[in-house]
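Subject: Structure handover

Hello,

Here is the structure I promised to pass on. Please open it first, then read my notes below.

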Amino acid sequence: MADYDTIIVGAGSAGCVLANRLGEDRAKSILVLEAGGHDRHWLLRIPIGVAKVWNEPRFNWSYQSEPEPHVDGRSIYHPRGKVIGGSSSINMMAYVRGNRGDYDRWRQKGLTGWSYADVLPYFKRAETWEGGADAYRGGDGPLKVRKGRNQDPIFDACVAAAPELGLPVNDDYNSGDQDGFTRGQFTASGGRRFSTARAYLHPAVKRGNVSVEVNAQTTRILMEGNRAVGIEYLQYGNLRQAYAKEVILSAGSINSPQILMLSGLGPADHLRSVGIEPRIDLPQIGRNLQDHPAIRLAYERLSPSRLPGELRLDRLTISMARAILFGTGFAANPPGGMYAFVRSAPEIDIPDLQLFCSNASLFAREWFPGWRPPASDVVTMRACHLRPESRGHVTLASSDPAAKVRIFNNFLSTDADRRAIRSAFNILRDIAHTKPFQALIGAELTPGVAVQSDAEIDAYIRQTMDTVYHPVGTCRMGSDPEASVSLDFRVRGVEGLRVVDASVMPDLTGGNINAVVIMVAEKASDVIRGLAPLPAEEAA
């Protein structure tokens with residue numbers, strides 16, 4: 001006898017959406033297992049809290065990659081949410097759907113039903129856009145989305161610099177064209193972070209047929225022959241089991257392949273090498289890992305910004321209290337600023353670089369006289385490569401479920417990737433050299449003007465490159481025989497088991513991926529319920 005109709009492993013962005021949509025059928029019983037704790041901490045609620053929770057072990061798996069050969073053997077940090085809401089509870093709240101060309105590419109790769117016209121209705125169903133519904137935006141979905149409201153002369157300079165660089169200014173990069181400088185959009189409303197837990201999971205739990213277990217780390221999928229029948233998990237030192245008619249992994253691109261491999265579902269030779277007897281040989285589980293590699297430049301700021309004053313501890317405390325009580329003020333606003341979507345070379349069809357212009361140092365922090373000084377008041381510019389060719393993998397370190405997986409990204413392993421990120425570096429410098437910026441910024445602090453030649457730029461990139469934390473692809477969905485997951489999200493060769501999260505994405509989309517993961521889960525919920533897909537919106 002099954003304890004539940006469905007067990008969902010992971011209360012991150014995908015898991016929260018699924019719990020809500022599948023739970024709309026009140027006759028269905030659903031259990032959500034989350035390895036982390038509740039999302040009740042006040043820092044998880046106010047937008048400025050991201051600066052404190054990003055590296056907090058209570059909320060974060062804090063993964064480190066294996067030494068990466070093309071970035072001077074450095075290990076790259078990979079934060080992943082370990083809390084109700086997953087990474088949507090600790091991320092920068094950026095809402096980016098990607099480029100319409102991404103989904104038409106998916107369709108061309110054999111993902112029937114995944115063109116831009118097919119996925120647009122699900123993006124719209126998910127959101128309430130502050131500007132209201134139109135041909136591209138949703139007006140009554142669970143997720144609240146709005147533009148950033150921080151004001152700074154640096155952001156005005158980005159807009160003024162656009163024509164000098166031959167770039168447009170884009171009012172809404174999630175509608176129609178993506179190109180150009182644009183104000184960031186964020187999953188926030190009323191001075192609060194709008195995580196998927198807030199938008200989807202908490203309302204689902206209130207219905208009464210969705211239950212959640214926290215601090216419950218999945219150790220393996222329970223199998224009877226080739227059928228998944230439940231989950232084994234460790235909670236407060238006790239090994240527990242729960243049974244269901246169907247199991248859905250929504251643990252993300254790192255943890256979903258780990259759970260599959262711990263259960264004997266993965267590359268047979270690798271599983272044997274760590275002492276696990278293979279049940280089903282799935283050679284591509286853990287393969288195809290992709291992420292957005294990123295670089296940054298920093299410049300002296302000639303006129304002081306408001307930020308250091310706002311971060312003075314006494315003022316920050318008042319701002320946080322105001323945000324908590326009234327949802328207003330400095331601490332109630334997401335810290336992001338301006339974006340730009342540009343091409344690394346003229347022949348590129350769609351933007352393959354995302355630029356970030358911030359009026360603050362990445363190391364800005366609270367301060368107080370006599371305690372510690374404020375961080376330097378600088379302007380930070382970042383860029384990431386949106387569609388790298390490099391592919392990595394996730395493997396088990398051992399058969400111990402508590403052992404962290406081995407992550408190998410293989411960043412910058414192709415000439416094309418190195419050219420693209422070098423181009424990004426030069427574009428950031430071009431922005432800094434435009435007339436609107438000359439009155440606002442001074443010396444280049446990082447890396448400094450001594451770095452000029454391609455060889456010097458490449459060396460700097462190898463020494464400092466990190467990512468913007470968007471891992472995808474390790475349980476790739478597709479119609480081809482090598483795909484790990486079929487188009488109905490079922491794991492190949494296994495009954496009663498699906499994967500729905502960023503790991504099923506065949507490749508990266510053009511921007512931050514949280515909005516995409518939510519869309520994927522919205523669409524998957526209709527597939528799982530046997531509902532007809534929302535009608536494609538061809539006019540888009």
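Which residues have the most contacts inside the largest nonpolar core? They are I221, L260 and L497, in a core of 93 residues. Bear in mind throughout that this is a predicted model.

Helix α14 covers residues 514-529. With 9 residues, α14 gives the most to this core.

Look next at the neighbours of I221. Leaving out residues up to four places away in sequence, I221 touches L260 and L497. I221 also touches A228, G230, I231, L249, I259, S263 and L265.

Another core lies apart from that one. This other core has 38 residues, including C158, Y299, V342 and L412.

Now for helix α10, residues 313-326. The helix has 14 residues and reaches 19 Å from its first C-alpha to its last. That is close to the 20 Å expected at 1.5 Å a residue.

Which residues of α10 are buried? L316, S319, M320 and A323 are. Seen down the axis of α10, the buried residues fall within an arc of 100 degrees, so they line one face of the helix. An α-helix has 3.6 residues a turn, so residues three or four places apart point the same way.

What do the buried residues of α10 pack against? Their partners are β10 (192-193) and α9 (307-310). On the other side of α10, I318, L325 and F326 are exposed.

One backbone detail to finish. G327, just after α10, takes a positive phi of about 70 degrees.

Best wishes

Key: Residues are numbered from 1 along each chain as its sequence is written. This is a predicted model: local features need pLDDT of at least 70, side-chain atom pairs count only at pLDDT 80 or more; totals for chains, interfaces and linings use all residues. Side-chain values use heavy atoms; hydrogens and water are left out. A nonpolar core is a set of buried Ala, Val, Leu, Ile, Met, Phe, Trp, Tyr and Cys residues joined through side-chain atoms within 4.5 Å. Buried means under 20% relative accessible area, exposed over 50%, partly exposed in between (1.4 Å probe, protein chains only). Helices (H or I, at least four residues) and strands (E, at least two) are DSSP runs, numbered from the N terminus. Contact means heavy atoms within 4.5 Å. The expected span of a helix is 1.5 Å times one less than its number of residues. The arc is that of the directions from the helix axis to the C-beta atoms.
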